Amino acid sequence: MKRSRFVYSQRTTIALGILCIVLVIVVVQLWLFMATMEAFLGGNAAIPIPAWIASIVCLLLNLGLFYYLRNLDR
Amino acid sequence: MSADDPEHVTVAPDGRPLEEQPVWRQEFPIDWPQSEYVSRREFTRLLLVTSFAFVVGQTYIVVSSLLRQHQSALPVAEIAATNELPINGVKLFAYPAAKDPCVLIHLSSGEYVAYGQKCTHLSCPVIPQPEKGIIQCPCHEGKFNVTTGSVISGPPNRPLPRITLDVRDGRIYATGIEGGLL
């Protein structure tokens, strides 16, 4: 079986760092969602599409970070 | 695999060697570094699912917003006669559908204004008090300006949606909605 280049304690530190970044991005997405909902209910049609794109960028960032995390095991 | 391989060194949470650990921990040793690593990785996966859920929510808002833009114009509906309401008089009506309560107010300036009756905070029915110049929400003490529908105080952070009116031939007609959803 192929071994990871990091021992578990090192991987835990990396995972914690990635976890913190992902958490911050998810909080940004939460803020985006609330702001978009507020704008939508207020009849503002200019906000939803840019906010949707920003949210997708956040998801892609999270996916990239998680992909890196998964690759630590390989 | 060797005993000094750092991958296989198990360290208990208190850092003491295995011989000093309680019997239950000696009999069921857990690879703590591995356990901590896996729990962080799995929590990150959970956050990833949350992130995806936010994108789904945003998509729903975008679709609803686009549908609203392409909606056909609202109907024109007669809601009252001008001699029906005295100065500072108030009349409830439903517009555009029977489930959308609205309120028509005859201001002391002689002008007519109409708003959706649901508070923009938590949808409680608002109560117009034109003589005081306010529309009040009794649930959380939100106050709106009776002339403009804007927020004066309290938890609401959006103005009341305004019903556009057309007054002609002694009749008042509702013609549309501006400033948000009812």
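Start with the contacts in chain B of this predicted model: among those with a separation of 6 or more, 36% link residues 24 or more positions apart.

**Chain B as a whole**

Select chain B and colour by secondary structure. You should find two helices and ten strands. Walking from the N terminus, both helices come up before any strand does, in the order α-α-β-β-β-β-β-β-β-β-β-β.

Now turn the C-alpha trace along its principal axes. The spans are about 95 × 35 × 20 Å. For chain B the radius of gyration is 31 Å, while a compact globule of 182 residues would sit near 16 Å.

Switch on the surface next. Chain B exposes about 10200 Å², with carbon and sulfur atoms supplying 58% of that area. Of its 182 residues, 36% count as buried.

For the charges, pick out the 15 positive and 19 negative ones in chain B; their mean positions are 13 Å apart.

**Two domains**

Select residues 6-69 of chain B for domain 1, then 77-178 for domain 2, as the domain assignment has them. How far apart do the C-alpha centres of these two domains of chain B lie? Put a centroid on each and you get 51 Å.

**Stop one: Arg41(B)**

Go to helix α2 of chain B, residues 32-69, and zoom in on Arg41(B). Is Arg41(B) buried or exposed? Its relative accessible area is 16%, and since the cut-off for buried is under 20%, Arg41(B) counts as buried. Bring chain A into view for the neighbours: leaving aside residues up to four places away in sequence, Arg41(B) touches Phe66(A), Leu69(A) and Asp73(A).

**Stop two: the cis peptide**

Hop along to the loop between β2 (90-94) and β3 (101-106) of chain B, where Pro96(B) has its place. Show the backbone and check omega for the peptide bond from Tyr95(B) to Pro96(B): that bond is cis, with omega near -5°.

**Stop three: Ser123(B)**

Carry on to the loop between β4 (112-116) and β5 (127-129) of chain B and select Ser123(B). Have a look at its backbone torsions: phi is positive, about 65°, although Ser123(B) is not a glycine. Ser123(B) is partly exposed, with a relative accessible area of 46%.

**Stop four: Asp169(B)**

Last up is the loop between β9 (162-168) and β10 (171-178) of chain B, home to Asp169(B). What is the sign of phi at Asp169(B)? Phi is positive here, about 55°, although Asp169(B) is not a glycine. As for the surface, why does Asp169(B) count as exposed? Because its relative accessible area is 73%, and the cut-off for exposed is over 50%.

To finish, display Ser123(B) and Asp169(B) together: the Ser123(B) phi is about 65°, and the Asp169(B) phi is about 55°. Colour by accessibility and you will have Ser123(B) partly exposed, Asp169(B) exposed and Arg41(B) buried.

Conventions. Residues numbered from 1 in each chain as written. Chains lettered and ligands numbered in written order. Predicted model: local features only at pLDDT ≥ 70, side-chain atom pairs only at ≥ 80, totals over all residues. Heavy atoms only, no water. Helix = DSSP H or I, 4+ residues; strand = E, 2+ residues; numbered from the N terminus. Rg over C-alpha atoms; globule rule 2.2 N^0.38 Å. Buried < 20%, exposed > 50% of the residue type's maximum accessible area, 1.4 Å probe, protein only. Contact = heavy atoms within 4.5 Å. Areas by Shrake-Rupley, 256 points an atom, 1.4 Å probe, with all protein chains shown as cover. Lys, Arg positive; Asp, Glu negative; His and termini not counted. Charge placed at Lys NZ, Arg CZ, Asp CG, Glu CD. Domains from an automatic or database assignment.
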